[in-house]
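I set out to look up how the chains meet and what the cysteines do, and I note below what I found.

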Protein chains: 2
Amino acid sequence: MLSKIETAIRRLNLPSQPEGLYEPIEYVLSMGGKRLRPMLLLTAYSLYRPDCERVMNAAIGIETYHNHTLLHDDLMDNADVRRGMATVHKKWNDNTAILSGDTMLLIAYRLINSVAAPRTGEALELFTESAIKICEGQQYDVNFETRSDVSEAEYIEMIRLKTSVLLGCAAKMGGLLADAPAADCETLYAFAEKVGLAFQLQDDYLDTFGDPAVFGKKIGGDILCGKKTFLVHAAVARMNVSERDELLTLLNRTDLPAEEKIARVTAIYRQHQVPAACEARIAALFEEAEKTLSALSVDAAPLWKYAETLMKREK
Amino acid sequence: MLSKIETAIRRLNLPSQPEGLYEPIEYVLSMGGKRLRPMLLLTAYSLYRPDCERVMNAAIGIETYHNHTLLHDDLMDNADVRRGMATVHKKWNDNTAILSGDTMLLIAYRLINSVAAPRTGEALELFTESAIKICEGQQYDVNFETRSDVSEAEYIEMIRLKTSVLLGCAAKMGGLLADAPAADCETLYAFAEKVGLAFQLQDDYLDTFGDPAVFGKKIGGDILCGKKTFLVHAAVARMNVSERDELLTLLNRTDLPAEEKIARVTAIYRQHQVPAACEARIAALFEEAEKTLSALSVDAAPLWKYAETLMKREK
């Protein structure tokens with residue numbers, strides 16, 4: 001299925017002119033990645049109908065949208081590298097990132113709207129509402145950077161908006177386009193939303209505790225930039241006031257050698273059993289996701305198998 | 001009709017949180033303006049059906065989209081002021097302009113998709129294709145800034161994409177949502193596209209030859225920044241090689257006092273009968289628009305009257 005998605009992306013057949021607009025879009029879409037969202041959409045659809053090609057445009061539409069958000073987020077975060085390659089605003093410039101990014105969002109709508117299904121209008125509505133929530137999540141993420149009193153609940157709600165909502169949207173869209181029963185569509189959404197949360201927490205976990213030999217980027221990036229990931233929340237919940245202040249001060253330091261800062265924060269995490277707490281939380285969310293899925297009116301095995309491969313990842 | 005549009009925009013009822021996302025959107029939408037695009041949509045719709053309120057969301061959706069493009073364009077052009085007020089990236093920051101701008105595009109889709117009409121899907125498709133063309137127009141505009149050999153035809157095609165296409169889209173969408181005959185929908189598009197071209201050429205004209213007492217901004221802005229407007233193309237078409245080089249060199253100069261640069265370029269325009277040539281071109285386009293409209297199956301008087309008020313503007 002993944003290779004079918006890659007083929008469909010290669011065959012998108014974008015116009016060649018104006019080159020300055022479409023070349024960066026081809027560049028971003030060719031970077032690869034897990035293609036998680038189209039995989040979820042197609043797997044959910046395939047629970048009901050065998051003709052996946054029929055909704056392939058919606059699948060790569062969601063992927064195009066996701067890459068639009070990465071493009072604009074990278075510009076906002078001033079990130080230089082994505083998947084080992086220069087980001088669009090680095091390789092071209094800021095204005096290119098804005099305009100090609102805007103165009104990707106429109107191409108996403110074109111692709112989704114092109115699917116001839118009775119419930120395409122509903123799928124578009126779901127997509128729009130999800131994308132608005134993702135903008136809200138991004139805004140909360142920005143707000144949280146300058147706040148020191150963000151609670152774990154607020155953090156979880158932010159990553160739900162920023163990440164999980166789109167996974168829920170992808171799975172539910174697969175159901176909608178397959179004309180699945182309404183209750184199944186809601187189940188698909190709830191399931192993928194939970195998997196998405198688990199996935200994002202796992203992202204936070206791997207950034208510090210991943211295996212450097214398999215993890216794609218350098219270990220400890222979040223610690224270096226003092227990001228308040230789930231690990232910080234898990235640690236703080238296990239600390240007294242002075243330990244908490246010590247950790248937060250350490251995270252904000254920019255004068256330490258990178259290796260030392262990473263080693264010291266990681267040691268504190270281990271001392272407070274943060275890895276185990278984090279693993280338990282991820283496992284609990286994943287178990288909830290499995291329970292949610294049991295309400296489906298059809299055999300959910302292919303979707304569950306796909307979710308399991310996601311959770312076994314080490315990068 | 002204009003006051004109904006303003007009321008609908010005020011009643012949009014955007015969420016209050018996160019404030020950093022929605023406050024800039026309210027700010028931009030409350031800035032006013034001619035509301036040209038919703039006016040065209042509603043006037044076109046009203047030729048077929050009396051219940052304009054039914055499609056009001058599409059009208060303010062198109063206006064929200066238009067303001068999204070202004071927000072991102074102002075950021076890309078690094079413009080400080082819009083309609084006498086600070087632009088979003090000046091009042092807030094670049095990231096706010098990107099993210100609130102993205103959200104406005106999504107709200108536009110939400111609004112258009114919310115209209116319960118048999119041809120809403122077609123309207124969305126038209127909107128998406130138009131918005132993609134507008135991105136292409138913006139990219140050509142960027143490309144042209146660093147090219148000295150742009151032809152008049154290329155310039156006209158660029159402003160067609162950047163401006164006229166959305167006017168065509170608005171008028172045709174009014175027809176589509178009123179379930180007008182297919183031929184009428186095409187006529188509405190062709191009519192508004194021509195009016196849009198005339199309107200944009202008039203913009204170029206007024207920027208240099210407008211009455212300073214009524215024109216909203218300072219006269220001569222385009223000359224000062226050396227913009228290759230239609231006036232430059234009209235002048236160059238009437239010049240020999242050395243006159244052309246003299247004009248282009250003068251336009252690129254940044255060492256002259258503003259008043260002197262404006263006075264010298266304006267004198268050259270007058271010497272080569274540029275105002276008359278420009279007026280004639282605008283009048284011809286407007287006449288073409290009128291002829292186009294005569295193919296409509298219904299009485300087009302309200303639409304024609306509205307177009308006339310647009311062409312009589314002095315700002």
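Working from a predicted model, I looked up the polar contacts across the interface of chain B and chain A, and I found 8 residue pairs, both residues of each pair being at pLDDT 80 or more. On the side of chain B that touches chain A, I noted that two or more residues come from each of α2 (19–29), α4 (56–77), α6 (94–113) and α7 (120–145) of chain B, and that α7(B) gives the most, with 13 residues. I then sorted the residues of this side into 17 nonpolar, 12 polar and 5 charged.

I next looked for salt bridges between chain B and chain A, and the count is 2; one of them joins R110(B) to E129(A), with 2.6 Å between the closest N and O atoms.

For the extent of the contact, I recorded 34 residues from chain B and 34 residues from chain A. The two chains, B and A, bury about 3100 Å² between them, of which 67% lies on carbon and sulfur atoms. Within chain B, the residues that lose the most area to chain A are M76(B), L99(B) and L106(B), which together make up 19% of what that side buries.

Last, I checked for disulfides, and the count over all chains is 0. Why is C52(B) without a bond to another cysteine? The closest cysteine sulfur, in C185(B), is 15 Å from the sulfur of C52(B), so the distance is too far for a bond. I also noted that C52(B) is buried, at a relative accessible area of 13%. C169(B) is likewise in no disulfide, its nearest cysteine sulfur being that of C185(B) at 12 Å, and C169(B) is buried, with a relative accessible area of 0%.

Terms used:
Residues are numbered from 1 along each chain as its sequence is written. Chains are lettered from A and ligands numbered from 1 in the order in which they are written. This is a predicted model: local features need pLDDT of at least 70, side-chain atom pairs count only at pLDDT 80 or more; totals for chains, interfaces and linings use all residues. Side-chain values use heavy atoms; hydrogens and water are left out. Contact means heavy atoms within 4.5 Å. Buried area is the accessible area (1.4 Å probe) that two parts lose on being put together, summed over both. A salt bridge is a side-chain nitrogen of Lys or Arg within 4 Å of a carboxyl oxygen of Asp or Glu. A polar contact is a pair of N or O atoms within 3.5 Å; within protein, one must be able to donate a hydrogen and the other to accept it, and residues adjacent in sequence count only if both atoms are side-chain atoms. Helices (H or I, at least four residues) and strands (E, at least two) are DSSP runs, numbered from the N terminus. Ala, Val, Leu, Ile, Met, Phe, Trp, Tyr, Cys and Pro count as nonpolar, Asp, Glu, Lys and Arg as charged, and the others, Gly among them, as polar. A disulfide is a pair of cysteine sulfur atoms within 2.5 Å. Buried means under 20% relative accessible area, exposed over 50%, partly exposed in between (1.4 Å probe, protein chains only).
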